[in-house]
Amino acid sequence: MIRRLLVFVALAILIASCDGVPTSDSGTIVPVILTSTTILADITRNISGDRLQVEALLPIGADPHSYQPTPKDVAKMSETNFVIINGANYESFLQPLFVNAGGEKMLVEASAGIHPRTDAEHGVDPHMWLDPNLVINYVQNIRDALVDMDPDGEATYKSNADTYIVELKNLDAWIVERVHQIPAGKRLLVTNHEAFGYFAERYGFTVVGTVIESFSSDASPSARQLAALIDQIKSSGAPAIFLDASDNTALAQQIAAETDVKVVTDLHLESLTNGAPAGTYIDMMKYNVTQIVNALK
């Protein structure tokens, strides 16, 4: 069941209504839907079509793990009463925005209903969107929330969601086909932080290790952790370290120099790009998978 939450200045959380949705002069609903990330914005646009205005709070290329809100973000938050987030503790930067923007917000948690991966030390893994099958859950949650907000658009939202779900299933089949180009024993991932858990579970990869032992990139590894990762890479035979384009490459390059592996620096995991190669969620996933397959097969 989707979580529909009201966010007050005091951050009390209650069931929300949508009486404050803005209208045009003709009375037509023209709400601004604000999503936390560019990835969520693209998913939401595929459901809303031209009926709604959808904007992302974070700019292209921003890493939500380390993002620092700006005064412009407060203004954006003040101008909407409908916010879509990933959830699973991904958007820790939002709390001060809710406080400063004030007013009531309908908060839709796209990942609601998904059983998350957890770690006793690091908490909840929020990177569910890296498995397209879990994005189907996002689509269903967002679709239902839009229908609740704008019942007149129900047919549009449901039809668009059905079409997009087919595209996501086709994407999953495409990834399975590409991944099969890699021998099972070579499906080894070394990454900057622990982002590939859901992807690895779905497509049969082993996560050998990470430069940062955290679900967030906003953390620092110890010398002992780096030494252990070097040993893990050498013993496993993993041939590459995969980084998001926004990641600092210094530590990965240092590890690569000691292990003689290559560093792939241009994946897109937390944000879309302005046009190619990752202008949409589906394009992003295809690009990332192509880079991974080319490095491992």
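With which side chain does the side chain of Thr38 make a polar contact? Select Thr38 to begin the tour, and keep in mind throughout that the model on screen is a predicted one. The partner is Ser271, whose side chain makes a polar contact with that of Thr38 at 3.4 Å.

**First stop: Thr38**

Thr38 is found in helix α1, which covers residues 38-48, and at 9% relative accessibility this residue counts as buried, because that value is under 20%. If you now show what surrounds Thr38, leaving out residues up to four places away in sequence, you will find that Thr38 touches Ala56, Leu58, Pro59 and Ile60, together with Ser271 and Leu272. Ser271 therefore appears twice at this stop, once among the residues that Thr38 touches and once as the partner in the polar contact.

**Second stop: the salt bridges around Arg117**

Select Arg117, Asp125 and Glu201 together, since these three residues are linked in a network of salt bridges. The side chain of Arg117 meets that of Asp125 in a salt bridge with an N to O distance of 2.5 Å, and the side chain of Arg117 also meets that of Glu201, here with an N to O distance of 3.3 Å. Glu201 lies in helix α6 (residues 197-203), while Arg117 lies in the loop between β6 (105-109) and β7 (118-119), so this pair ties together parts that are 84 residues apart in sequence.

Colouring these residues by accessibility shows how each is placed. Asp125 is buried, with a relative accessible area of 0%, Arg117 is partly exposed at 26%, and Glu201 counts as exposed at 58% relative accessibility.

**Third stop: Arg143 and Asp144**

In total, the count for the model comes to seven salt bridges, and another one to select is the pair Asp144 and Arg143, whose side chains meet at 2.9 Å, N to O. Is Arg143 buried or exposed? Arg143 counts as buried, at 17% relative accessibility, whereas Asp144 counts as partly exposed, at 28%.

**Fourth stop: Asn137**

Move next to Asn137, which is found in helix α4 (residues 132-149) and is buried, with a relative accessible area of 18%. Leaving aside neighbours within four places in sequence, Asn137 is in contact with Ala110, Ser111, Ala112, Gly113 and Ile114. For a distance to display in the viewer, choose the C-alpha atoms of Asn137 and Gly113, which are separated by 7.7 Å although the two residues are 24 residues apart along the chain.

**Fifth stop: Ala88 and Asn89**

Select Ala88 and then Asn89, and look at the backbone. Ala88 lies in the loop between β5 (82-85) and α3 (94-101), and the place of Asn89 is likewise in the loop between β5 and α3. Ala88 has a positive phi of about 60° although it is not a glycine, and Asn89, also not a glycine, has a positive phi of about 65°. Which of the two words, buried or exposed, applies to Asn89? Asn89 is exposed, with a relative accessible area of 68%, while Ala88 counts as buried at 15% relative accessibility.

**Last stop: Pro277**

To finish, select Ala276 and Pro277 and show the backbone atoms between them. The peptide bond from Ala276 to Pro277 is cis, with omega near 10°, and Pro277 itself has its place in the loop between β12 (262-267) and α9 (281-296).

Notes
Residues are numbered from 1 along each chain as its sequence is written. This is a predicted model: local features need pLDDT of at least 70, side-chain atom pairs count only at pLDDT 80 or more; totals for chains, interfaces and linings use all residues. Side-chain values use heavy atoms; hydrogens and water are left out. Helices (H or I, at least four residues) and strands (E, at least two) are DSSP runs, numbered from the N terminus. Buried means under 20% relative accessible area, exposed over 50%, partly exposed in between (1.4 Å probe, protein chains only). A polar contact is a pair of N or O atoms within 3.5 Å; within protein, one must be able to donate a hydrogen and the other to accept it, and residues adjacent in sequence count only if both atoms are side-chain atoms. Contact means heavy atoms within 4.5 Å. A salt bridge is a side-chain nitrogen of Lys or Arg within 4 Å of a carboxyl oxygen of Asp or Glu.
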